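Trainee: Could you take me through the pocket in this one, slowly? I'd like a close look at that part and then at whatever helps me place it in the chain.

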Amino acid sequence: MEFLYQFVQMLFSWFAIANFVLTFYYLAGSMNNILKHGNALFIFFKYLIYCDLASLFIISMGNRPHGAKHLFVLSMIILTICALYALICGFVFAIRTLREKDNSNNVFVNVVVSLLSTYGLYAISAFFYLDPWHIFTSSLQYFVTLPAFTCTLQIFSFCNTHDVSWGTK
């Protein structure tokens with residue numbers, strides 16, 4: 001039973017990076033027609049995130065985080081900038097979609113449900129826990145740096161599965 005749990009957890013961990021890339025691709029791609037140079041900006045950020053994730057795989061193979069400290073920090077900064085761009089694109093797309101009068105009710109429901117399920121769930125769980133203050137003070141930092149930590153830790157752990165000593169200290 002534990003093997004099944006660990007296998008499913010590893011499977012979801014591996015696809016977390018793909019979920020981030022796909023979400024970024026569709027959110028950033030939705031701004032192509034809205035911005036003046038949206039297509040050029042989309043291509044720039046798309047290749048930036050692809051190259052950053054590929055370089056993260058390379059610097060994670062056999063390296064300790066202390067050995068390539070500046071490269072890991074630079075990679076996390078790039079991922080944070082890409083996540084901020086995707087967050088802004090998502091909110092701009094949602095606001096523009098909700099302002100258009102000719103959209104059907106289905107688009108409105110999809111946008112509202114996706115925003116509430118993504119951001120509202122954190123707020124609701126904080127209020128259930130009776131500790132909502134961290135939502136007001138640190139939710140922006142959390143949502144912006146979450147992809148950086150997710151991608152960096154997942155890639156580093158998958159590239160260093162041969163080293164079993166780093167998790168025992």
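Mentor: Here is a walk through the largest pocket, followed by the helices around it and a few residues worth clicking on. Keep in mind that this is a predicted model, so every value below is computed from predicted coordinates.

Start with the pocket itself. The largest pocket holds about 720 Å³ of space. Its lining counts 24 residues, and those closest to the centre are Thr 23, Leu 27, Leu 87, Thr 118 and Tyr 119. If you want a selection to centre your view on, take those five. As for the chemistry of the wall, 16 of the lining residues are nonpolar and eight are polar, while none is charged. Tyr is on the nonpolar side of that split, so Tyr 119 adds to the nonpolar count here.

Which helices build the wall? At least two lining residues come from each of H1, H3 (69–99), H4 (105–128) and H5 (133–159). H4 gives the largest share, with eight residues.

Now zoom out to the chain. The protein chain has five helices and zero strands, and read from the N terminus the order is simply α-α-α-α-α. Out of its 169 residues, 29% are buried.

With that in place, go along the helices that supply the lining, beginning with H1, which spans residues 2–29. Phe 20 sits in this helix, and because its relative accessible area is 13%, under the 20% cut-off, Phe 20 counts as buried. For a long-range contact to check, try Phe 20 with Ala 148: the two are 128 residues apart in sequence, yet their C-alpha atoms are 9.8 Å apart in space.

Trp 14, also in H1, has a relative accessibility of 40%, so this residue falls in the partly exposed class. Trp 14 belongs to a nonpolar surface patch of about 1100 Å². Other members of the patch include Met 1, Phe 3, Leu 4, Phe 7 and Phe 15.

Move on to H3, where you'll find Tyr 85. At 11% relative accessibility, Tyr 85 is buried. The C-alpha atom of Tyr 85 lies 9.9 Å from that of Phe 42, with their positions 43 residues apart along the chain.

After H4 comes the loop that leads to H5, and Leu 130 is in that loop. Leu 130 is a good one to inspect by hand: its phi is near 60°, a positive value in a residue other than glycine. Its relative accessibility is 72%, which is why Leu 130 counts as exposed.

Last stop, H5, with Phe 158. A relative accessibility of 23% makes Phe 158 partly exposed, because the buried class ends at 20%. Its C-alpha atom is 8.8 Å from the one in Ser 60, although the two residues are 98 apart along the chain.

So, back to where you came in: the pocket has a lining of 16 nonpolar and eight polar residues without a charged one, and H4 supplies the largest share of that lining.

Key:
Residues numbered from 1 in each chain as written. Predicted model: local features only at pLDDT ≥ 70, side-chain atom pairs only at ≥ 80, totals over all residues. Heavy atoms only, no water. Patch = residues over 30% accessible without salt bridge, like charges linked within 9 Å, V, L, I, M, F, W, Y side chains within 5 Å. Areas by Shrake-Rupley, 256 points an atom, 1.4 Å probe, with all protein chains shown as cover. Salt bridge = Lys/Arg side-chain N within 4 Å of Asp/Glu carboxyl O. Helix = DSSP H or I, 4+ residues; strand = E, 2+ residues; numbered from the N terminus. Buried < 20%, exposed > 50% of the residue type's maximum accessible area, 1.4 Å probe, protein only. 1 Å grid on protein atoms, 1.4 Å probe; cavity = no way out; pocket = protein on both sides within 12 Å on 5 of 7 lines; lining within 4 Å. Points joined across faces, edges and corners; volume = space filled by probe spheres on them.
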